[in-house]
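Open the model in your viewer and keep the sequence panel in sight. The tour goes from the whole chain to single side chains.

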Amino acid sequence: MEEGEVVYDDIGLDALHQESRKWISQLDFTSDEIDFFHHLLHSYVFEPDTPALFETLQGQQKEMVVSRKKCKVLRQALQEHENKLGGLLEISSETLDAAYKKQHLGLKHQMEGCMAHFQNLKANIFSYGQKVLKKRHRKDR
């Protein structure tokens with residue numbers, strides 16, 4: 001187990017609820033970032049006149065669509081997970097709590113994968129943007 005990792009057997013449903021809410025908030029913010037990058041990648045600034053950069057742009061635009069879908073699906077799953085929590089807090093059955101915690105751990109792994117994918121995509125977009133801007137800067141001289 002890594003340092004700082006939560007042991008879900010020892011944590012209450014309230015803490016899982018807070019973590020789920022945090023994830024939903026992160027996905028909402030990521031959705032806003034995706035919208036920003038979508039508009040940026042479709043702006044005139046990123047219309048390179050070299051085929052290699054244009055192919056990179058096309059690939060990043062496709063990856064942006066993939067990220068948007070992953071985030072949307074994960075957010076829906078998290079919202080459903082949250083809705084189940086409401087019933088669990090009223091019932092408080094150890095069997096149901098364990099099932100919820102198992103599902104929560106699965107969502108945690110999905111969340112980590114989704115965020116890692118998007119962080120990698122952002123790094124690629126920044127790298128691409130630097131190449132385009134450097135190329136334009138050289139042209140302007």
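What follows is a list of selections, each with a note on what is there.

**Whole chain**

Start with everything shown as a cartoon. This is a predicted model. Its secondary structure comes to 3 helices and 0 strands. Read from the N terminus, the order is α-α-α.

Colour by pLDDT. The chain has a mean of 83, and 80% of its residues reach 70 or more. Which helix has the highest confidence, and which the lowest? H1 is highest, at a mean of 91, and H3 is lowest, at 85.

Switch to a surface. The chain exposes about 9,200 Å², with carbon and sulfur atoms supplying 54% of that area. Of the 141 residues, 33% count as buried. Now think about contacts between residues at least 6 apart in sequence: 82% of them join residues at least 24 apart. The next stops show side-chain pairs that reach across the sequence.

**Select the three helices**

Give each helix its own colour. H1 covers residues 13–41. H2 covers residues 51–91. H3 covers residues 94–140.

**Select Phe-37**

Show this side chain as sticks. Phe-37 lies in helix H1. Is Phe-37 buried or exposed? Its relative accessibility is 4%, so Phe-37 counts as buried, the cut-off being under 20%.

Add the aromatic rings around this residue. The model has 3 aromatic pairs in total. Two of them involve Phe-37 and are the next selections.

**Add Phe-118**

Measure between ring centres, then compare the planes. The centres of Phe-37 and Phe-118 are 6.3 Å apart, and the planes stand at 65°. Angles over 60 degrees count as edge-to-face, so that is the geometry of Phe-37 and Phe-118. Phe-118 sits in helix H3, 81 residues from Phe-37 in helix H1, and the pair links distant parts of the chain. Phe-118 is buried, as is Phe-37.

**Add Phe-126**

Stay on H3 and pick Phe-126. How are the rings of Phe-37 and Phe-126 arranged? Their centres lie 5.7 Å apart and their planes meet at 70°, so this pair is edge-to-face. Phe-126 belongs to helix H3 and Phe-37 to helix H1, so the pair ties together parts 89 residues apart in sequence.

Now add Phe-36. Phe-36, Phe-37, Phe-118 and Phe-126 form one aromatic cluster. Keep the four of them as a saved selection.

**Select Asp-28 and Arg-75**

Hide the rings and turn to charged side chains. The structure holds 4 salt bridges. Three of them are visited here, and this is one: Asp-28 meets Arg-75 at 2.5 Å, N to O. Asp-28 is in helix H1 and Arg-75 in helix H2, with their positions 47 residues apart in sequence. Asp-28 has a relative accessibility of 33%, so it counts as partly exposed. Arg-75 is partly exposed too, at 27%.

**Select Asp-35 and Arg-68**

Move along H1 to Asp-35. Which side chain does Asp-35 meet in a salt bridge? The partner is Arg-68, at 2.6 Å, N to O. The two side chains also make a polar contact, at 2.6 Å. Arg-68 lies in helix H2, 33 residues from Asp-35 in helix H1. Check the backbone as well: the C-alpha atoms of Asp-35 and Arg-68 are separated by 8.7 Å. At 29% relative accessibility, Asp-35 counts as partly exposed. Arg-68, at 32%, is also partly exposed.

**Select Glu-112 and Lys-108**

Finish on H3. The side chains of Glu-112 and Lys-108 meet in a salt bridge of 2.9 Å, N to O. Glu-112 and Lys-108 are 4 residues apart within helix H3, so about one helical turn separates them. Compare their accessibility. Glu-112 is partly exposed at 42%, whereas Lys-108 is buried at 14%.

**Last view**

Show the saved rings and the salt bridges together. Phe-37 pairs with Phe-118 across H1 and H3, and Phe-126 in H3 also pairs with Phe-37. Asp-28 with Arg-75 links H1 to H2, as does Asp-35 with Arg-68. Glu-112 and Lys-108 both belong to H3.

Definitions and conventions: Residues numbered from 1 in each chain as written. Heavy atoms only, no water. Phe/Tyr/Trp six-rings, centres within 6.5 Å; stacked < 30°, edge-to-face > 60°. Helix = DSSP H or I, 4+ residues; strand = E, 2+ residues; numbered from the N terminus. Buried < 20%, exposed > 50% of the residue type's maximum accessible area, 1.4 Å probe, protein only. pLDDT = per-residue confidence, 0-100. Contact = heavy atoms within 4.5 Å. Areas by Shrake-Rupley, 256 points an atom, 1.4 Å probe, with all protein chains shown as cover. Polar contact = N/O pair within 3.5 Å; in protein donor to acceptor, adjacent residues only side chain to side chain.
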